[in-house]
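Please open the model in a viewer and keep the sequence panel visible. The tour proceeds by selections, each followed by a description of what is found there.

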Amino acid sequence: MTLKSALMAALLPSMAVMLVPATSQAAAPMASQRQAPGFYRMHVGRFEVTALLDGTHPFPVDQLAFGAKPRETDKLLAQRYLASPVEGMINAFLVNTGDRLILIDTGAGDLYGKEAGGLSAALRASGYSPEQIDDIFITHLHEDHVGGLVKDGRMVFPNATVHISKRDYDFWTDDSHQAEVGALLKPFFPAVQGVLRPYIAAGRVVPFSEGEGDLIPGLRPIAAPGHTPGHTTYLLHDGKDAMLFWGDTVHVAGVQFDDPHIAIKYDWKVPGAIASRDRLLAEAVKNGWWVAGAHISFPGIGHIAAKGRNAYAWVPANYTLNR
Ligand SMILES: [Zn+2]
């Protein structure tokens with residue numbers, strides 16, 4: 001035995017005692033399954049943007065994808081160590097313009113049960129309160145984008161004006177259109193009308209028409225019909241800095257960037273949804289826009305890279321504490 005190995009033999013038993021304490025603190029129960037209220041902040045030109053997490057829920061891609069080749073969604077998901085159902089985000093976004101506080105969408109509120117409704121807590125954690133919101137711009141009238149407008153039948157944002165494209169407003173508030181949609185979308189009519197009701201009664205819903213230019217300085221609506229009749233994206237712009245809040249242009253990042261022609265059964269008109277997605281993906285790459293998505297992994301903010309012929313890659317924002 002060398003001197004060194006003799007020394008090790010002598011030391012090892014006492015080291016083992018040192019490394020494993022006789023009593024353990026690890027018997028404490030796991031504290032909570034939940035994360036902290038989710039917000040993520042950055043700047044776009046003169047604007048402060050805060051992503052807010054309303055909740056997450058399992059999204060059965062295998063049942064809801066439409067137009068994929070056999071096994072295509074499974075294969076694409078497996079490449080990302082994912083499988084259906086994939087946990088989907090419900091993100092909304094806050095913009096402080098310097099003189100107005102605006103929300104892009106409101107999350108699902110109570111309409112998705114325990115899986116959502118975290119937006120107000122995230123908003124407060126980020127330093128603001130629901131009463132401070134001046135304007136809400138809705139991308140489209142689906143439950144997971146407007147459900148957060150009310151809690152127990154009352155307005156969550158009592159001082160806000162709600163802006164909705166006239167095409168979506170006219171469609172979802174008129175029950176005669178129920179005949180045009182399948183069983184999946186029919187329940188959206190009463191749900192959406194229910195959360196809009198107190199705001200309509202208070203005169204706080206303002207439908208806007210396409211082609212009106214900036215709705216407030218620096219925020220321009222860009223129509224992206226297909227997912228819904230009036231599905232609208234919003235371009236926040238200040239000089240060369242810009243972020244596109246694109247609602248549901250991509251539902252499932254794990255498959256639709258690689259193959260933008262995979263649609264989702266929640267789409268009102270599939271060809272229109274695909275055409276809008278193709279156009280916005282190309283525009284976002286060409287202009288180098290930030291993109292903010294409602295269902296892309298929190299904070300749902302990133303860029304898009306072209307990968308080849310009609311294939312793209314999501315490039316998430318690099319996390320920082322200091323923006
Ligand atoms: Zn959605």
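Which helices and strands each supply at least two residues of the lining of the largest pocket? In this predicted model, the strands to select are strand 2 (47-59), strand 4 (86-96), strand 16 (301-308) and strand 17 (311-316). Add helix 2 (61-64), helix 5 (143-146) and helix 8 (253-256), each of which also contributes at least two lining residues.

**First stop: the largest pocket**

Select Glu87, Gly88, His251, Val252 and His295 and centre the view on them; among the 40 residues that line the largest pocket, these lie nearest its centre. The volume of this pocket is about 640 Å³. Colouring its lining by residue class will give 24 nonpolar, 9 polar and 7 charged residues.

**Second stop: the second largest pocket**

Next, select Arg34, Gln35, Leu53, Gly55 and Thr56, which lie nearest the centre of the second largest pocket. Its lining comprises 17 residues, and its volume is about 420 Å³. Strand 2 appears here again: it provides the largest share of this lining, 4 residues. Helix 4 (119-125) likewise supplies at least two residues. By class, the lining consists of 6 nonpolar, 7 polar and 4 charged residues.

**Third stop: the aromatic pairs**

Now display the aromatic side chains; the structure holds 12 aromatic pairs. Select phenylalanine 188 and tyrosine 266: their ring centres are 6.0 Å apart and their planes meet at 20°, so this pair is stacked. Phenylalanine 188 belongs to helix 7 (residues 188-201), whereas tyrosine 266 lies in the loop between strand 14 (263-264) and helix 9 (270-287), so the pair ties together parts 78 residues apart in sequence. Both phenylalanine 188 and tyrosine 266 are buried.

Move to phenylalanine 208 and tyrosine 234. Here the ring centres are 6.3 Å apart and the planes are at 65°, so the pair is edge-to-face. Phenylalanine 208 is in strand 10 (residues 205-208) and tyrosine 234 in strand 12 (residues 232-238), so this contact ties together parts 26 residues apart in sequence. Phenylalanine 208 and tyrosine 234 are both buried.

**Last stop: an aromatic cluster and a charge**

Return to phenylalanine 188 and tyrosine 266, and extend the selection to Phe171, Trp172, Phe189 and Trp268; together these residues form one aromatic cluster. Finally, add lysine 269, whose charged end sits over the ring of tryptophan 268 at 5.0 Å from the ring centre.

Key. Residues are numbered from 1 along each chain as its sequence is written. This is a predicted model: local features need pLDDT of at least 70, side-chain atom pairs count only at pLDDT 80 or more; totals for chains, interfaces and linings use all residues. Side-chain values use heavy atoms; hydrogens and water are left out. On a 1 Å grid over the protein atoms alone, a cavity is a set of points where a 1.4 Å probe fits but cannot get out, and a pocket is an open set with protein on both sides within 12 Å along at least five of seven lines; lining residues have an atom within 4 Å of a point. Grid points are joined across faces, edges and corners, and a volume is the space filled by probe spheres set on the points. Ala, Val, Leu, Ile, Met, Phe, Trp, Tyr, Cys and Pro count as nonpolar, Asp, Glu, Lys and Arg as charged, and the others, Gly among them, as polar. Rings of Phe, Tyr and Trp (its six-membered ring) pair if their centres lie within 6.5 Å; planes under 30 degrees apart count as stacked, over 60 as edge-to-face and the rest as tilted. Buried means under 20% relative accessible area, exposed over 50%, partly exposed in between (1.4 Å probe, protein chains only). A charge sits over a ring if NZ of Lys or CZ of Arg is within 6 Å of the ring centre and within 35 degrees of the ring normal.
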